[in-house]
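Student: I would like a close look at one part of this model, the pairing of its strands. Please start from a single position and work outwards.

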Amino acid sequence: MTFLAIDVGNTRLKWALYDAPHHGAALIAHGAEFLDHIDRLAEGSWASLPHPQRMLGCVVAGDAVKRRVQEQMEIWDVTPSWVVSSAQEAGLINGYDHPSRLGSDRWVAMIGARHHVLARGPARPLVVVMVGTAVTVECIDTEGRFMGGLILPGHGIMLRALESGTAGLHVPTGEVRPFPTNTSDALTSGGTYAIAGAVERMYQHLLQHCGQEPVCMMTGGAGWKMAPSMTRPFELVDNLIFDGLLEIAAQRFGG
Ligand SMILES: Nc1ncnc2c1ncn2[C@@H]1O[C@H](COP(=O)(O)OP(=O)(O)O)[C@@H](O)[C@H]1O
Ligand SMILES: CC(C)(COP(=O)(O)O)[C@@H](O)C(=O)NCCC(=O)O
Ligand SMILES: [K+]
């Protein structure tokens with residue numbers, strides 16, 4: 001039973017086609033498109049795919065984008081199905097004040113991350129960092145309860161905010177340096193260490209709360225840029241959202 005997983009963020013749509021809706025399924029094909037280009041998926045990279053029989057996705061880019069994606073899916077006879085964050089799913093408990101208001105990408109990535117931890121051994125507390133358009137930092141305790149998380153501007157948004165709010169900060173991208181000595185490096189390092197510092201703070205909160213060293217996982221399109229600048233090692237996982245979607249799909253579609 002072919003299964004299509006879709007993750008629509010505020011910058012790009014990521015998709016992956018598997019030969020079955022559960023972990024261990026073979027990846028048939030995958031891709032990513034900037035949101036400006038998603039209207040060409042049906043005649044582009046989706047045209048030659050085997051038809052997906054089941055689909056599950058998460059979308060945080062708004063209803064108009066969701067409709068555009070569903071239009072592209074009309075080449076197949078598959079019902080679009082989008083995850084909504086709930087109070088409890090796939091072993092995770094949602095501590096958000098209003099569980100359904102939690103970004104579904106955050107919820108699904110946490111489910112994927114928790115699955116990774118449990119697949120390897122005993123349960124541990126978990127910090128999940130997702131570096132996309134925005135950056136999110138989630139804390140999950142040993143029992144699988146999402147305690148809460150941060151939302152920060154991503155690199156691009158931080159730089160654009162500084163550029164538009166000042167007269168003298170229109171400079172090319174710089175390098176991450178411990179002691180930046182030019183404007184480009186100062187901006188790039190500032191953004192990177194703002195994220196690294198916020199993540200460290202959440203790590204400390206969770207360590208203090210649980211009394212056990214948290215597992216640290218990072219994902220998202222810009223994760224590879226952030227990982228070397230963290231204050232402690234973070235495991236870079238390609239796409240926790242697909243892992244989470246596979247986990248939920250296995251339960252929903254009886255994979
Ligand atoms: N090859 C790449 N293509 C697109 N974005 C990239 C690439 N490499 C790094 N990025 C960064 O990743 C971010 C997009 O990550 P992504 O996970 O797709 O975000 P979102 O889920 O919010 O759409 C961009 O802000 C960009 O800075
Ligand atoms: C925080 C986000 C903007 C992240 O989006 P992304 O960077 O993945 O495009 C998204 O998860 C969202 O819109 N969340 C809803 C609000 C919340 O989670 O509290
Ligand atoms: K995302």
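Which residue in strand 2 stands opposite Phe3?

Tutor: Tyr18 of strand 2 stands opposite Phe3. This is a predicted model, where local features need pLDDT of at least 70, side-chain atom pairs count only at pLDDT 80 or more, and totals for chains, interfaces and linings use all residues. Residues are numbered from 1 along each chain as its sequence is written, while chains are lettered from A and ligands numbered from 1 in the order in which they are written. Strands (E, at least two residues) and helices (H or I, at least four) are DSSP runs numbered from the N terminus.

Go on to the next pair. Leu4 faces Leu17 in strand 2. In total, six bridges join strand 1 to strand 2, and the two run antiparallel. They make a hairpin, with three residues between them. Strands pair here if DSSP finds at least two bridges between them.

Now the other side of strand 2. Seven bridges tie it to strand 3, again in antiparallel fashion. Within that pairing, Arg12 stands opposite Phe34 of strand 3. Six of the seven residues of strand 2 are buried, so the rest of the structure largely encloses this strand. Buried means 20 or more other C-beta atoms within 10 Å of the residue's own; exposed means 12 or fewer; partly exposed lies in between; C-beta atoms are placed from the backbone.

Step back to the whole sheet. It is open, has four strands in the order 3-2-1-4, and its pairing is mixed. Strand 3 (27–34) and strand 4 (54–59) stand at the edges. Each has a single partner strand, so one side of each lacks a neighbour in the sheet. From one strand to the next, the twist averages 10 degrees. Helix 1 (residues 63–72) packs on this sheet and touches strand 1, strand 2 and strand 4. The direction of helix 1 makes about 150 degrees with that of strand 1. Such angles run from 0 to 180 degrees between N-to-C directions, with axes fitted to C-alpha atoms, for helices over the stretch in contact.

Next, the hairpin loop. Gly9 sits there, between strand 1 (3–8) and strand 2 (12–18). With 23 C-beta neighbours inside 10 Å, Gly9 counts as buried. Beyond its neighbours within four places in sequence, Gly9 is in contact with Val60, Ala61, Asp105, Gly132 and Thr133. Contact means C-beta atoms, placed from the backbone, within 7 Å.

Thr133 deserves its own look. It lies in the loop between strand 7 (126–131) and strand 8 (134–140). Thr133 has 18 C-beta neighbours inside 10 Å and so counts as partly exposed. Its contacts, leaving aside neighbours within four places in sequence, are Gly9, Asn10, Thr11, Gly154 and Ile157.

The record links these two loops. An unreviewed UniProt entry places the feature "binding site" at Asp7, Val8, Gly9, Asn10, Thr11, Arg12, Leu13, Lys14 and Thr133. These positions span 127 residues in sequence, yet no two of their C-alpha atoms are more than 13.4 Å apart, so they gather at one spot. UniProt annotations may be inferred rather than shown by experiment.

One more thread leads outwards from Gly9, through its contact Asp105. Asp105 is among the residues of helix 2 that meet helix 6, whose side includes Leu240 and Ile241. Helix 2 (residues 104–120) and helix 6 (residues 240–252) pack at about 80 degrees, their axes 7 Å apart.

How values were computed. Contact = placed C-beta atoms within 7 Å.
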